[in-house]
Amino acid sequence: MDRHASNRSAGAAGEQNAALTLAGKALSAAQRTPSLLRHLAGAVVVAVLLLALTSAVNAFRDYQIAEIATDVVAVAGLTYLVGLSGQISLGHGAFVAVGAYVTALLMIDLHWPMVVAFIAAAVTTAVLGGVLGAAAARLRGPYLAGATLLLAVALPTLADRFSGVLGGDQGLNVNITAPAGLGGNFPLTRWQAWVTCATALVTLVLLANLGRSRVGRSWQAIRDDEVAAALAGLNVGRLRVLAFVVSAGCGGLAGSLFAITAGLVAPTSFTLALSIGLLTAALIGGLGSLAGAVWGSLVLVLLPTYATDVATSHGLSNSAGANVPLIVYGVVLIAVMLAFPHGIQGGLRRIGGLVISRRRAAPAVVPAAPAAPDQQADPQPGQPAGQQAEQEITSGPSPEHQKEGPG
Amino acid sequence: MNPRSTFARRFTITAALLTGVAVTAAACGAGGSGGSGASAPGITSTQIVIGSHQPLTGVAAPGYSEIAPGSNAYFKYVNAHGGVNGRKIVYKYLDDAYDPAKTATVVRQLVLQNNVFALFDGLGTPTHLAAVSFLNAQKVPDPFVASGCECWNSPQKYPETFGWQLDYVREGKILGQYVAKHFAGKKIAYFYQNDEFGQDGVKGLDYEIPHSMVVSRQSYQPTNVNVGPQVAALRASGAQVVVSFSVPAFTALLKLAMLKLGYNPAALVVSNVGEDPITLGGLLQSFAKQGGASVNGNALTNGIISDGYLPALGDPGNSWIALFKKIHDQYDASAPFDGNVLYGEAVAYTFVQAMLKAGKNPTRASFVSAIEGGLPQGPAIAPYAYAASDHAGITGAYMGVIHNGVLVQQGPVLTTDTTQGGAVTADTKGEQQAPASGIASP
């Protein structure tokens, strides 16, 4: 902004600055709290909300919440792999399958407690992810996509090959019951929603911490420029494998949740469509963003049911209505990619950033705007330093957002 | 840019998001049932709401997607003629794309949200297995699963679940007896889908055909459309008769691969599942077209030996065919009148039969005991096995040969059980006539 304008509004800006500095102090105090504690506090708030929600809705909505939470775990792992470490996987459905089968076998045949089976499933798939990651670390782009695609196509056929153990096409039945302590009439779907949501929250807290740790920053570094990252002393190969390990572990955990929610683990559930669906959810939500994973999972689970309901309630026959979700899904995918190339979360950040920067910059920018439209497009350079810093702390644009510019 | 702020915000947003979901979900929450005349969930004084999972899209959709509209056509006919004790049947069938994960979801939606009275004619073995435990735990009647898996006949484990169509073991025995009798001394080979369907069928075949006669056993995975290697093995074995437990698409692929390899066994015997001549003829022509060739579907299906447990489509003199054709033309005319539509209408007829028998104010328990008390034969060509200790459906079939796109009956109706020693015997009771009203009398 030009000096003249900033002089004119100096009085107003001064008052505002004083207020903002106060707010800033309060905020930076919050910033000093260890991130783990802050994430945990956030998770507790969400957990309370979910507890209220799951108790308020009907049994089918509880089941849908469980499905969403299951997808959140898988998509969150995948979105870190793709969005943070810059690798692609078209085979994440295979990790979900492995996790689901491990859980089913441990719970049915060995009667392991649920939580232990979950951990075992996550560890097993993490190891598998490490093996695949070691091979994948040498591959780039389409070759990596091809290698992971192979896994998604080939792995489910093992269920037919070893049908004695894995139950063939019929699959394995996993029947859980709500703990007796909750009462005899406690709805099973609510219990499933609780288990899946709790697991999803734990996963999100762990991933959020990992993402903002040294590892997370290193992943971003190798994603942005491998050579530069290697020159800075990062072990690129090891970091890439680690990303696969973490992501596959999340996939396996999602498989565990799938097993206890759907109640059946069969190869026909883990087709290529699942892998593509997970990747699509990560893309629609916003790659690299955990909130985006939640958005993507919401779309993945709720859109088909909602579209079918709307179609049939508007007089379309069930047969014709069945095709509507496929069309709507395609349209949503195209629309999101056109309107928000960084997914729903990227779009929200952009809108939020625009609104707040308008409001913040309003006293100073509005008079100067007609004279300097190009500066309005990027108001930051002329802003008082304190104000600019505040804006970033509370609602500043994301890294992607900065690249684009707020205009 | 302070990285901390991003993550703090992410959590705030996640929290906000989930709250948003909470509100939305709560807003569109419980539908609830009730109202006067409600003797059971899904039943009001004016309606009986039932649900189903069907492959309306995806790999199993061609052919099978016609079944539910066929059933619905029959229900519309019943509704237009006074309904079931004055109640109209509302049939909600949802697409599961033949994916068990989706089946689990849509069945929960139907039961927990739409409060259906019963889950009727859920289609597919792997799909319905994803729903059967849930349905029985919820005590929701699960009549007439559209799959011939023996697994539905487990009254102890699944007291709410009933089969309907001829099960694959019985069918295998009937086909096996025919082959053993008519092709004695010939070399026999099996071609079958490597899952419950094919394996149950082969089990039945093995009960009747001596092992020494079987020179080759080739299986296929429904996900791999290249059956060339299996057909080459069949040809190399020198088998003169091939018995196939395959779905329509793979019967067509088998036939085309035989043509391509110049393998022409004396007889091809195909399970009823993969035999519907109209579906098969269409598939043969479209597959050949994809391969750049042109074939006559009707000519290729000529001479295929199969079995049928519903009246033959090509028999306009049959009272059931006349009835179902009339209803089809009135309510479901956009679909071809083929075996799938006939199946849908016939199973819907059986449902109405059971519903009427369940009384003026039916409950889930009275409906289940109505079936367990046995049902009149209806459109099926052989009696049902229904009893408290037996939840299997149709117990027999006739053998036939496809001629000009129609399965033509050869010989009597044969009935049997699912045991190894159980004889395959000619059924002497004969078929029933369709009621003039088109609706069973209670």
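Of the 120 residues in the largest nonpolar core, B:Ile50, B:Tyr74, B:Phe144 and B:Trp164 touch the most other members. Such a core is a set of buried Ala, Val, Leu, Ile, Met, Phe, Trp, Tyr and Cys residues joined through side-chain atoms within 4.5 Å. Helix α13 (residues 339–357) of chain B supplies the largest share of this core, twelve residues. The model is predicted, so local features need pLDDT of at least 70 and side-chain atom pairs count only at pLDDT 80 or more, while totals for chains, interfaces and linings use all residues. Residues are numbered from 1 along each chain as its sequence is written, chains are lettered from A and ligands numbered from 1 in the order in which they are written, and side-chain values use heavy atoms, with hydrogens and water left out.

**Cores and packing**

- Leaving aside neighbours within four places in sequence, B:Tyr74 is in contact (heavy atoms within 4.5 Å) with B:Phe324, B:Ile327, B:Glu345, B:Ala348, B:Tyr349, B:Val352, B:Gly438 and B:Ile439.
- Apart from the largest core lies another, of 104 residues, among them A:Leu50, A:Ile68, A:Ala121 and A:Leu239.
- In soluble globular proteins, nonpolar side chains tend to be buried together.

**Chain A overall**

- Chain A contains 21 helices and two strands; helices (H or I, at least four residues) and strands (E, at least two) are DSSP runs, numbered from the N terminus.
- Of the 407 residues in chain A, 51% are buried; buried means under 20% relative accessible area, exposed over 50%, and partly exposed in between (1.4 Å probe, protein chains only).
- Among contacts in chain A with a separation of 6 or more, 78% join residues 24 or more positions apart.
- The exposed area of chain A is about 17700 Å², of which carbon and sulfur atoms supply 69%; accessible areas come from the Shrake-Rupley method with a 1.4 Å probe, and for residues only the protein chains shown count as cover.

**Helix α6 of chain A and the surface patch**

- A:Thr125 lies in helix α6 (residues 114–136) of chain A and is buried, at 0% relative accessibility.
- A polar atom of the A:Thr125 side chain lies 3.0 Å from the backbone oxygen of A:Ala122.
- Not counting residues up to four places away in sequence, A:Thr125 touches A:Phe95, A:Val98, A:Gly99, A:Ala248, A:Gly249 and A:Gly252.
- A:Leu110, A:Trp112, A:Val115, A:Val116, A:Ile119, A:Val123, A:Val127 and A:Val131 make a nonpolar surface patch of about 740 Å². Patches are made of residues with over 30% relative accessible area and no salt bridge, with like charges joined within 9 Å and nonpolar side chains (Val, Leu, Ile, Met, Phe, Trp, Tyr) within 5 Å.
- Within this patch, A:Trp112 is placed in the loop between α5 (92–108) and α6 of chain A and is partly exposed, with a relative accessible area of 35%.

**Loops of chain B**

- B:Gly122 is in the loop between β3 (118–119) and α5 (125–137) of chain B and is buried at 0% relative accessibility.
- The C-alpha atoms of B:Gly122 and B:Ser52 are 5.2 Å apart, although the two residues are 70 apart in sequence.
- B:Asp121, in the loop between β3 and α5 of chain B, has a positive phi of about 60° although it is not a glycine; B:Asp121 is buried, with a relative accessible area of 0%.
- B:Asn85, in the loop between α3 (67–80) and β2 (88–95) of chain B, has a positive phi of about 50° and is partly exposed, at 32% relative accessible area.
- Most residues other than glycine have a negative phi.

**Salt bridges**

- The structure holds eight salt bridges over all chains, a salt bridge being a side-chain nitrogen of Lys or Arg within 4 Å of a carboxyl oxygen of Asp or Glu.
- B:Lys173 and B:Asp417 meet through their side chains in a salt bridge (2.9 Å, N to O). B:Lys173 lies in helix α6 (residues 168–182) of chain B and B:Asp417 in the loop between β12 (406–415) and β13 (425–426) of chain B, so the pair ties together parts that are 244 residues apart in sequence.
- B:Lys173 is buried at 0% relative accessibility, whereas B:Asp417 is partly exposed at 28% relative accessible area.
- B:Lys325 and B:Asp329 form a salt bridge (3.0 Å, N to O); being four residues apart in helix α12 of chain B, they are separated by about one helical turn.

Notes: A polar contact is a pair of N or O atoms within 3.5 Å; within protein, one must be able to donate a hydrogen and the other to accept it, and residues adjacent in sequence count only if both atoms are side-chain atoms.
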